[in-house]
Structures are given as structure tokens and as C-alpha cells.
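Me: I'd like a close look at one part of this protein: the empty space shut up inside it. Could you take me through what surrounds that space, and then work outwards from there?

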Amino acid sequence: MGKESIKDKVKWFLTEMVTDDSDDSEAEVADEQENQQLTHEKEERRKVLEQDWGYRMVKWIATAMDKWAIDPIVGFLAPGFGDIFTSVMTVPFIYVALCKVKSIPLTLAIIHNTLMDVLLGIIPLLGDVFDFFNRSYKQNYAMIVGFVEGDKRITRMVNGKTVQFLILIVMICFIIYCLVGWIITAWQYVLSLFA
């Protein structure tokens, strides 16, 4: 009985080893097929999105505003109006994030970036200098592309800061409101000196 039990254990062990190896190779094949399927789905999603007019517009705006420095030039040549114009240029980014990518955290991150650009750009002269170095359109475009391509670093960063973005958006809106009020008051005072 002792010999049979050892034989049975060896036989059982060898059977398990073969079964485990086949299970591992089956799991590896399944993982590989799943990865290929996910890659194919991402590629299809990216192709569909690249055909969308909003996505193409976002890509063009990011290039024009940051690479060709349209944002700081317009802000410098038309103080106040330039900041409003460049803020309106982020509407397609918000549209793509909310309606095409369908991500509220991504939309909040883009709104946060835009408001930070407005907040710092609204400061006379210093804001124009800041606009030359801050590439908010490029950052927004990179976040959209990261979400579309499934970049885990970007997705994790944006999703992890959703509540923070929401709180900062409210705070920045309040600060912008106060700054605009202060700038209008200061401008009226300067104009009253010449009247």
C-alpha cells in the first residue's frame, strides 16, 4: 500500500503539472487575445474620433494657439478681448471631452486648465508673459488623446483629481470675478483722472 500511495502521488503530481502548464498556456493565450481585442477597440475608437470634426478642430486649435503662439499674441494685442477670445477657443475641447470621449472628469480637467489660463492671463503684462510659457491647449489636447488611447497615467491622474478640479474650478471662478471687478474699478479710476 505504501508503494501504491507513493506511485499515486507521483502520478497525481505529474498530471497536475501537465494540467497546470496547459492552464497557464491557455490563460496566456486568452490574455493575449484580450489584449489584441482591447488594442483593436482602442484603434477603432481612435479612428472614428479622428474623423470627427470636433476632434480635428481641437487638434488644429491646439497647434495654432500654442505652437504658433496665437494665444499670447492675441492676449497682448487686445487686452481683455484677447482673453475672452482665447477662452472661447476651448469650447471644442469641452465638446469633445464631454460628448465624444464622454468623460466628466476629463471635461472638468479641461475646464480647470482653461480657467487657470484665464486667471493668469488676465493679469496685465504678466499674463501675456505667462501665456508664452503655459501651453494649456497642448495640455488639453494631450489629455484628450491620452483618454482616447487609454493612457493609464493620464486617465489615473485625471480621474484621481476630479473632486479637486471641481473645487478649484469654483475657487478660480470666484478669483476671476474679483480680479475682473478690481481691474474695472482700477480702469475707471485711471479714466476719471483724465476726465
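**Around the cavity**

Reply: The largest cavity is lined by Asp71, Asp83, Thr86, Ser87, Thr90, Thr114, Asp117, Val118, Gly121, Asp131, Ser136 and Tyr137. Helices α4, α6 and α8 each give two or more residues to that lining. The largest share comes from α6, with four residues. Keep in mind as you look that this is a predicted model.

How much space are we talking about? About 70 Å³ lies in the largest cavity, and the structure holds one cavity of 30 Å³ or more. Rolling a probe the size of a water molecule over the atoms shows where empty space is left. Now check what kinds of residue face the space: the cavity lining divides into two nonpolar, six polar and four charged residues.

Next, pick out Asp83, one of the residues in the cavity lining. Asp83 also turns up at the largest pocket, where Pro79, Gly80, Asp83, Ile122 and Ile183 are the residues nearest the centre. In total, 23 residues line this pocket, and about 560 Å³ of space lies in it. The elements giving two or more residues to its lining are α3, α4 (81–88), α6 (104–121) and α10 (162–194). Of these, α10 gives the most, with eight residues. By class, the lining of the largest pocket has 17 nonpolar, four polar and two charged residues. Try colouring those classes on your screen, and do the cavity as well.

Follow α6 and α10 a bit further and you'll meet the second largest pocket, since both helices give two or more residues to its lining, along with α8 (136–149) and α9 (152–160). This pocket has about 200 Å³ of space. Its lining is made of 13 residues, and Asn113, Gln139, Met143, Met157 and Phe165 lie nearest the centre. Sorted by class, that comes to seven nonpolar, four polar and two charged residues.

Let's move to the surface. Helix α3 (70–77) came up at the largest pocket, and together with α7 (126–133) it has another role: each of the two supplies at least two residues of a nonpolar patch. The patch is formed by Ile73, Phe76, Leu77, Leu125, Val129, Phe132 and Phe133, with about 790 Å² of accessible area together. Phe133 is a good one to click on. It sits in helix α7. Is Phe133 buried or exposed? Its relative accessible area is 68%, so Phe133 counts as exposed.

One last stop, and this time it's about charge. Side chains of opposite charge can pair when their charged atoms come close. How many salt bridges does the structure hold? There is one, and its partners are Lys100 and Asp52, whose closest N and O atoms are 3.4 Å apart. Lys100 lies in helix α5 (residues 91–100), while Asp52 is in the loop between α1 (2–51) and α2 (53–67), so the pair ties together parts that are 48 residues apart in sequence. How covered are the two partners? Asp52 has 11% relative accessibility, so it counts as buried. Lys100 has 33%, so it counts as partly exposed.

To retrace the route, start at the cavity with its four residues from α6, go through Asp83 to the largest pocket, then on to the second largest pocket, the nonpolar patch with Phe133, and finally the salt bridge of Lys100 and Asp52.

Key: Residues are numbered from 1 along each chain as its sequence is written. This is a predicted model: local features need pLDDT of at least 70, side-chain atom pairs count only at pLDDT 80 or more; totals for chains, interfaces and linings use all residues. Side-chain values use heavy atoms; hydrogens and water are left out. Patches are made of residues with over 30% relative accessible area and no salt bridge: like charges are joined within 9 Å, nonpolar side chains (Val, Leu, Ile, Met, Phe, Trp, Tyr) within 5 Å. Accessible areas come from the Shrake-Rupley method with a 1.4 Å probe; for residues, only the protein chains shown count as cover. A salt bridge is a side-chain nitrogen of Lys or Arg within 4 Å of a carboxyl oxygen of Asp or Glu. Buried means under 20% relative accessible area, exposed over 50%, partly exposed in between (1.4 Å probe, protein chains only). On a 1 Å grid over the protein atoms alone, a cavity is a set of points where a 1.4 Å probe fits but cannot get out, and a pocket is an open set with protein on both sides within 12 Å along at least five of seven lines; lining residues have an atom within 4 Å of a point. Grid points are joined across faces, edges and corners, and a volume is the space filled by probe spheres set on the points. Ala, Val, Leu, Ile, Met, Phe, Trp, Tyr, Cys and Pro count as nonpolar, Asp, Glu, Lys and Arg as charged, and the others, Gly among them, as polar.
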